[in-house]
Amino acid sequence: MPRQSLGPAFNRLWSASVAGNLSDGLLRAAAPLLAARLTQNPVEISAIAALSMLPWLLFAVPIGGLTDRSDRRRLLAAANSVRVALSSIAAGLIISNTMTIYWLFLLTFLFGLTEVTADTAAQTLIPQILEPDQLERGNSRLTVAETVVQDFTGVPLGSVLWGLAMYLPFLLSG
């Protein structure tokens, strides 16, 4: 028995999630490489990984509460718009040779904050756009896409792009 489509609303959400997670993967590879280029201090380089995950620890619950009380579509759009702006700023700083480790710290933390917001908003949109009997399939597809695209596509692609030009992963993540 063929499975029914989850519908155009889910397909749009899934596509936006794939794009956002590809962006996260590109940055997950490029940010530590850039940090190693900017400093020889191993603590500063390792701080990049900590700063990218710190928003999950500090803001996941408050952002979840905000998401429950907000228009999730607008919140998702706002998070992704901020991500585009941050990517443009990072690429500009790299191209102009004015990127410092401290700018990278700030941008990495803000990228992490937009990731928490976008992922939370996307996940909470699923019950609004799918029927109860479709929730398991929808959640599965979103989670699998997140894992595969971010970790198995975005990170290697970010490394390749970094090899071509330092600014490319940042520019394309937008």
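# Helix α3 and its surroundings

D71 caps the N-terminal end of helix α3, with a side-chain oxygen lying 3.1 Å from the backbone nitrogen of R73; such a polar contact is a pair of N or O atoms within 3.5 Å, where within protein one atom must be able to donate a hydrogen and the other to accept it, and residues adjacent in sequence count only if both atoms are side-chain atoms. This is a predicted model, in which local features need pLDDT of at least 70 and side-chain atom pairs count only at pLDDT 80 or more, while totals for chains, interfaces and linings use all residues. Residues are numbered from 1 along each chain as its sequence is written, and side-chain values use heavy atoms, with hydrogens and water left out. Helices (H or I, at least four residues) are DSSP runs, numbered from the N terminus.

**Helix α3: span, packing and ends**

- Helix α3 covers residues 72-95, which is 24 residues, and reaches 34 Å from its first C-alpha to its last, close to the 34 Å expected at 1.5 Å a residue, where the expected span is 1.5 Å times one less than the number of residues.
- The buried residues of α3 (buried means under 20% relative accessible area, exposed over 50%, partly exposed in between, with a 1.4 Å probe and protein chains only) include R72, L75, L76, A79, R83 and L86.
- These buried residues of α3 pack against α1, α2 (42-68), α4 (101-129) and α6 (168-173), contact being defined as heavy atoms within 4.5 Å.
- S88 is also placed in helix α3, but S88 counts as partly exposed because its relative accessibility is 43%; the C-alpha atoms of S88 and L26, which are 62 residues apart along the chain, are separated by 14 Å.
- After α3 comes N97, whose phi is positive, near 60°, and N97 sits in the loop between α3 and α4.
- Most residues other than glycine have a negative phi; N97 is a residue other than glycine with a positive value, and with a relative accessible area of 71% it is exposed.

**Salt bridges**

- Side chains of opposite charge can pair when their charged atoms come close.
- Taking a salt bridge as a side-chain nitrogen of Lys or Arg within 4 Å of a carboxyl oxygen of Asp or Glu, the count comes to 5 salt bridges.
- One of them joins R28 to D151, with the closest N and O atoms 3.7 Å apart, and this pair links distant parts of the chain, R28 being in helix α1 and D151 in helix α5, 123 residues apart.
- R28 is partly exposed, with a relative accessible area of 34%, and D151 likewise counts as partly exposed, at 36% relative accessibility.
- R28 and D151 are linked with E115 in a network of salt bridges.
- D71, the capping residue of α3, forms a salt bridge with R74 in which the closest N and O atoms are 3.3 Å apart; D71 is partly exposed, with a relative accessible area of 41%, whereas R74 is exposed, with a relative accessible area of 64%.
- R72 forms a salt bridge with D68, the closest N and O atoms being 3.4 Å apart, and R72 counts as buried because its relative accessible area is 15%.

**Individual residues in α1 and α2**

- D24 lies in helix α1 (residues 8-38) and counts as buried at 8% relative accessibility; leaving aside neighbours within four places in sequence, D24 is in contact with R83, E115 and Q150.
- T67, in helix α2, is buried, with a relative accessible area of 0%, and, once neighbours within four places in sequence are left aside, T67 is in contact with R72, L75, T120, A121 and T124.
- W56 is found in helix α2 and is partly exposed, with a relative accessible area of 28%; apart from neighbours within four places in sequence, W56 is in contact with E115, V116 and D119.
- W56 and T98 are 42 residues apart in sequence and 28 Å apart in space, C-alpha to C-alpha.

**Nonpolar surface patch**

- V144, V148 and F152 make a nonpolar surface patch of about 300 Å², and V144 is found in helix α5 (residues 135-164).
- Patches are made of residues with over 30% relative accessible area and no salt bridge, with like charges joined within 9 Å and nonpolar side chains (Val, Leu, Ile, Met, Phe, Trp, Tyr) within 5 Å; accessible areas come from the Shrake-Rupley method with a 1.4 Å probe, and for residues only the protein chains shown count as cover.

Note on methods. Helices (H or I, at least four residues) and strands (E, at least two) are DSSP runs, numbered from the N terminus.
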